[in-house]
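Here are some exercises to work through with the viewer open. Try each task on your own before you read its solution.

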Amino acid sequence: MPSYLKLVAGHNKDLVEKKINEVLHQLYEPVDGKGDPAATEIGVRKTLGALRATLIRQILGDAMLTVVIAILISALLMPLALPFFNQLTNKSISINADNIVFFLSAALCLALVTGLLAGSYPAFYLTSFQPAQVLKGKFIPGGSSGRLRQTLIVFQFMIAIVLVCGVFIMSRQVNFMTGSDPGFNANAKIVLPLRTDEAHKQYDALKEQIRQNGSVKGVSGCSFIPGTPIFRDMNFYPDGGNPDKVVDIDRDVVDVGYLELLNIRLVAGRGFTESRSLDSVRKFILNRTAVSRLGFTPATIVGQYLHFDWLGIKYDFKVIGVMEDFHQNSFREEIRPTLFEMDRSNRRYDYGIASVASADFEGTVRAIGRTWRSLIHDAPFEYSFLDQTIQKQYDEERRVSRIISSFGIIAMIICALGLYGLSSYMAERRFKEIGIRKVLGASVWQIVVMMTAEFVQLVLIAFVIALVTISFESVKSAMGNPVDCLRNE
């Protein structure tokens, strides 16, 4: 009577399980060598006189042929997928006589590289064994090949997890940028570009006639609308400051009522008034960031003078107010020191902005268009909506998010297919073991757990590696010295 059956009679379950595993291990390893079709085929061919070099060429050729077939199938599917890809990436890629040589060369290189990588294991590893070892069952795949398989599974899932994490991060980032308060109100604002000299000269008349429309709440002007960078700046230093230690401040020329039009909050001092001769002579409204960089608070800087040196001449400017910070540029960039100033002649406003009621939006736009055409004859009537201009800043993020999402889905599908193929291979190799375990009373659930335990461990390892990689910068920032951050600020 076999020893493990005697143990069963004694009801010692721990010893029974240990003995069963030993028996299965003895049965399992020889089966692996005999059950490997590739190894068996190579052993038979070498026994019949095939040279190793011939086998290597044949195996690599078979791998490349498979890759070529896959490329041909993808080439047939390309006309169907290309419009979706162009829409996804906002490109206009097409295959024509000008680039067909490039695509064919790229496909050839892809076939060579992929074929070599895919066929290198059976071509160089399996053909290195003596045929007697394989045919007698002494060749047992595992060891280095098993570790390589596990490493590849971990790497594959690590890439997939990184892409999936990237999808969530990009999605949250886009939602944050598009849903956060920029510090001003861009809703129902019509932007009129003033591109010509006549448009600049007619600004006052255009503003006055547009304001007479009952659906228009207010009209103002500026040199740089929100959502666009300010390309004008000056270096200032305060009274008693060092002329060699200046603060670079962006300058935007705005009209009366600009802050009220966009609901930019004034936190100290006053805004501009209709008295253009009073407020247009070197009078400034600063944002909080500029005040902080200059070393003041909003309450203490009002009434102070800033100085600008140019060609040996010092120019003095008075601060009359402080406004709340707002995002002139996108949320990708930090808020820069910014000031508003008025223009003496209303000739430096490159844009007019009208705040309109949303009840009859189309009718208001048509009325503004008629006013424009009656006053300005050297430029067509053009307009845009400020909120749409703001949202266009994040088109790139939306496009990248869609691309990462698509590649994440593809990566997960590839991972699923790879796991399915690998699990099928492992199930075939362990077919006899599974049968013995079922005869000895193992349930379906126990067999499933046994077969999937290795894959679950590998996926968890990939998850941990991906998590460490993604969170490295966050941990580094969290562990940094706050004194260094404050000193840099």
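Helices here are DSSP runs of H or I with at least four residues, numbered from the N terminus. Keep in mind that the model is predicted. The chain comes to 20 helices and 11 strands, and of its 489 residues, 37% count as buried.

**Exercise 1. A serine in a helix**

Task: Find the helix that holds Ser401, decide whether Ser401 is buried or exposed, and list its contacts beyond the neighbours within four places in sequence.

Solution:
- Step 1. Ser401 belongs to helix 16, which covers residues 395-429.
- Step 2. The relative accessible area of Ser401 is 12%. Buried means under 20%, so Ser401 is buried.
- Step 3. With neighbours within four places in sequence set aside, Ser401 is in contact with Met170 and Ser171.

**Exercise 2. The span and buried residues of helix 16**

Task: Compare the span of helix 16 with the expected value, then pick out its buried residues.

Solution:
- Step 1. Helix 16 has 35 residues. The expected span is 1.5 Å times one less than the number of residues, which gives 51 Å for helix 16.
- Step 2. From first C-alpha to last, helix 16 reaches 51 Å, close to that expectation.
- Step 3. The buried residues of helix 16 include Glu397, Arg399, Ser401, Ile404, Gly408, Ala411 and Cys415. Leu422, Met426 and Arg429 are also among them.
- Step 4. A useful reminder for reading such a list: an α-helix has 3.6 residues a turn, so residues three or four places apart point the same way.

**Exercise 3. Cavities and a pocket**

Task: Describe the largest cavity by its volume and its lining, then do likewise for the second largest pocket, starting from its volume.

Solution:
- Step 1. The count is 3 cavities of 30 Å³ or more, and the largest cavity holds about 50 Å³ of space.
- Step 2. Lining the largest cavity are Val254, Asp255, Val256, Gly257, Tyr258, Leu259, Glu260, Gly271 and Phe272. By class, these are 5 nonpolar, 2 polar and 2 charged residues.
- Step 3. The volume of the second largest pocket is about 540 Å³. It is lined by 21 residues, of which Ile71, Ser74, Met78, Phe103 and Ala107 are the closest to its centre.
- Step 4. Two or more residues of that lining come from each of helix 4 (52-89) and helix 5 (100-125). Helix 4 gives the most, with 10 residues.
- Step 5. The lining of the second largest pocket has 20 nonpolar residues, 1 polar and no charged ones.

**Exercise 4. Aromatic pairs**

Task: Classify the ring pair of Phe176 and Phe331, then that of Tyr383 and Phe385.

Solution:
- Step 1. The structure holds 17 aromatic pairs. In one of them, the ring centres of Phe176 and Phe331 are 5.6 Å apart and the planes lie at 70°. Planes over 60 degrees apart count as edge-to-face, so this pair is edge-to-face.
- Step 2. Phe176 sits in helix 7 (residues 144-179), while Phe331 is in the loop between strand 8 (313-323) and strand 9 (338-341); the two are 155 residues apart, and the pair links distant parts of the chain.
- Step 3. Phe176 is partly exposed at 46% relative accessible area, whereas Phe331 is buried at 17%.
- Step 4. For Tyr383 and Phe385, the centres are 5.6 Å apart and the planes at 75°, so this pair is edge-to-face. Tyr383 is partly exposed at 39%, and Phe385 is buried at 18%.

Notes:
Residues are numbered from 1 along each chain as its sequence is written. This is a predicted model: local features need pLDDT of at least 70, side-chain atom pairs count only at pLDDT 80 or more; totals for chains, interfaces and linings use all residues. Side-chain values use heavy atoms; hydrogens and water are left out. Buried means under 20% relative accessible area, exposed over 50%, partly exposed in between (1.4 Å probe, protein chains only). Contact means heavy atoms within 4.5 Å. On a 1 Å grid over the protein atoms alone, a cavity is a set of points where a 1.4 Å probe fits but cannot get out, and a pocket is an open set with protein on both sides within 12 Å along at least five of seven lines; lining residues have an atom within 4 Å of a point. Grid points are joined across faces, edges and corners, and a volume is the space filled by probe spheres set on the points. Ala, Val, Leu, Ile, Met, Phe, Trp, Tyr, Cys and Pro count as nonpolar, Asp, Glu, Lys and Arg as charged, and the others, Gly among them, as polar. Rings of Phe, Tyr and Trp (its six-membered ring) pair if their centres lie within 6.5 Å; planes under 30 degrees apart count as stacked, over 60 as edge-to-face and the rest as tilted.
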